[in-house]
Amino acid sequence: MTSHRPAAVVIMAAGLGTRMKSATPKVLHEIGGRSLVGHAVVTARALAPEHLVVVVGNGRELVEAHLKDVDPGAKTAVQEQQLGTGDAVRAGLTAVPADFDGSVVVTSGDVPLLEAETLQELVGAHDKHGNAVTVLTARVPDPTGYGRIIPGEDGTVAGIVEHKDASPQQRQIDEINAGIYVFDAATLRDGLARITTDNAQGELYLTDVLAIARQDGKRVGAYSTDDAMQTEGVNDRVQLATLRAELNRRTLDKLMRDGVTIVDPNTTWVDQTVQVARDVTLLPNIQLHGATTVGSGTTIGPDTTLTDVEIGENATIIRAHGSSSVIGDGASVGPFAYLRPGTSVGVKGKIGTFVETKNTSIGDGAKVPHLTYAGDATIGEGANIGAGTIFANYDGVAKHPTHVGKHSFIGSNSVLVAPRTIADGAYLAAGTALTEDVGPGEIAVARARQRNIKGWVARKRAGTKTAKAAEEALAAQQTDAAQQADNGAVGDTGDKA
């Protein structure tokens, strides 16, 4: 929390975003595990403002619904027509008391790399110098399209000129307006009442409030950041991808400096919402999303995607896909495993190759090593599920549970027709189709007795390659039998002699 607490923060998020060419409102596009407006809200909350207002317009129903999930305490105000930044802030102020006093921070809903620390420093500079207005600025190699900062002789800001309104000489200025401000509330209200649309765009420019404050003899200052990427906004999908990559680079850089080994940062993607402990190793082609947490000593990858997965310490996850699951300390998952929501793996439990789980609890030390589907199952401590086992949990109408007791053994290629209970210390023979419960210490065998029908291939598959192979094999058996008979006869003669 900052010691310079503003009275309000207004986030402008009403733009049409036409260059995104998307049915989704621009501010709802995501990078790093949050929507663009979600990043803005989280950053603004770090200031602990008395009021937090998001100005919505395009797709406002979708944006408002999203904000209820992101920050239920945030207020919204509607900009009915996109008539410029001044009009957006004017709309935003309708959501707060008309006579409130203090400072007002104005920021944008499409600047996802802006850090809370930078915003706090901006507010701090505003308070320190007693400014009526303070603008965040940055110096960039190519300022095309940005408003230019016109410096005053006393080190203040004399004005801001938009690119389309700037003279050729003014366009040579490389210090740009980041579109992020702190205003004295009274100065802001007065300025918004006096601005006009007398400019190239025919819009109400928020920057004109700075000019009005200056004309009234009030101090207009600037706080410059040396990290220009924090001021970059998103207007199209190219910029979205650029900032997504940069945000991920910064996230990985912080993780590595905090003690995480990332073998290939170029193929590793970690959301800002993910928590990774030190001494974790991330192998190539990893994606960690949502509320995923990773305990110390765990190795993930290669080729793994996890969303909202809680992972303990010293676990191993290889070539797996998982969501809304829990993986315990020392557990092993994969390769080629699919953990659907509701999966939990106990301490030193195992989910192996080509295993799919859903709404299933696997106890400490229990193993589901390969080629299995386990749905709506509880598998007890130390139990072993043989290859090819199917938990048949769905009868076409409803899902049913199966309970496998601790240290029980399920033979390969079994089908467990739910609902079923297999007690502690029980066995299922391989190939069992289980339709009744199994008691402690019992073995269940549910399969037909084997019956071999001689001559079936010759009668039913005559003329096929199979029939020919069978004929040759039978002939070979007859030859072998004849030779054994001859050898036995010779042996008998020798004994009589």
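Here are some worked exercises on a predicted model, each with a task and a stepwise solution.

**Exercise 1: domains and their interface**

Task: Work out where domain 1 and domain 2 lie along the chain, and describe what sits between them.

Solution:
- Step 1. Start with the bounds. The domain assignment puts domain 1 at 8-231 and domain 2 at 237-444.
- Step 2. Get the spacing. Taken over C-alpha atoms, the two domain centres are 45 Å apart. Domain 1 brings 17 residues to the contact, and domain 2 brings ten.
- Step 3. Look at the area. About 1,200 Å² is buried between domain 1 and domain 2, with 61% of that coming from carbon and sulfur atoms.
- Step 4. Count the polar links. The salt-bridge rule turns up two hits across the interface of domain 1 and domain 2. Nine residue pairs are in polar contact across that interface, both partners having pLDDT 80 or more.
- Step 5. Ask which elements are involved. On the side of domain 1 that touches domain 2, β2 (30-31) and α1 (36-45) are the elements giving two or more residues.
- Step 6. Sort that side by residue class. You get six nonpolar, six polar and five charged residues on the domain 1 side.

**Exercise 2: the surroundings of helix α6**

Task: Which residues of α6 are buried, and what covers them?

Solution:
- Step 1. Locate the helix. α6 spans residues 207-215.
- Step 2. Pick out the buried positions. They are T207, V209, L210, I212 and A213.
- Step 3. Find the cover. Strands β7 (133-139), β9 (157-161), β10 (175-184) and β11 (220-224) are among the elements over the buried residues of α6, and so is helix α5 (185-194).
- Step 4. Relate this to helix geometry. An α-helix has 3.6 residues a turn, so residues three or four places apart point the same way.
- Step 5. Check what comes next. After α6 you reach G217, with a positive phi near 80°.

**Exercise 3: two buried residues, two neighbourhoods**

Task: For V55, decide whether the residue is buried or exposed, then list its contacts. Repeat for R420, buried or exposed, and its contacts.

Solution:
- Step 1. Place V55. This valine is in strand β4, residues 51-56.
- Step 2. Read the accessibility. V55 has a relative accessible area of 0%, so it counts as buried.
- Step 3. List the partners. Skipping neighbours within four places in sequence, V55 touches V10, I11, M12, A13, A14, A77, Q79, A88, A91 and G92.
- Step 4. Add one distance. K75 is 20 residues from V55 in sequence, and their C-alpha atoms are 8.6 Å apart.
- Step 5. Move to R420, in strand β34 (residues 420-422).
- Step 6. Apply the cut-off. The figure for R420 is 17%, and buried means under 20%, so R420 is buried.
- Step 7. List its partners. With neighbours within four places set aside, R420 is in contact with P401, T402, H403, L434, T435, E436 and D437.

**Exercise 4: salt bridges, near and far in sequence**

Task: How many salt bridges does the whole structure have, and where do the partners R139 and D174 sit?

Solution:
- Step 1. Take the total. A search of the whole structure gives 18 salt bridges.
- Step 2. Look at R139 and D174. Their closest N and O atoms are 2.7 Å apart. The pair links distant parts of the chain, with R139 in strand β7 and D174 in the loop between β9 and β10, 35 residues apart.
- Step 3. Check exposure. R139 is exposed at 53%, while D174 is partly exposed at 30%.
- Step 4. Switch to a pair within one helix. R257 and D253 form a salt bridge with a closest N to O distance of 2.9 Å. Both are in helix α7 (residues 237-257), four residues apart, or about one turn.
- Step 5. Check exposure again. R257 is exposed at 66%, whereas D253 is partly exposed at 28%.
- Step 6. Add K254 and D258, whose side chains meet at 3.0 Å, N to O. K254 is exposed at 53%, and D258 is partly exposed at 40%.
- Step 7. Finish with the network. E115, D227, E246, R249 and R250 are joined into one network by salt bridges that share partners. One of the pairs bridged by side chains is R250 and E115, at 3.9 Å from N to O.

Key:
Residues numbered from 1 in each chain as written. Predicted model: local features only at pLDDT ≥ 70, side-chain atom pairs only at ≥ 80, totals over all residues. Heavy atoms only, no water. Buried < 20%, exposed > 50% of the residue type's maximum accessible area, 1.4 Å probe, protein only. Contact = heavy atoms within 4.5 Å. Domains from an automatic or database assignment. Buried area = accessible area lost by both parts, 1.4 Å probe. Salt bridge = Lys/Arg side-chain N within 4 Å of Asp/Glu carboxyl O. Polar contact = N/O pair within 3.5 Å; in protein donor to acceptor, adjacent residues only side chain to side chain. Nonpolar A, V, L, I, M, F, W, Y, C, P; charged D, E, K, R; others polar.
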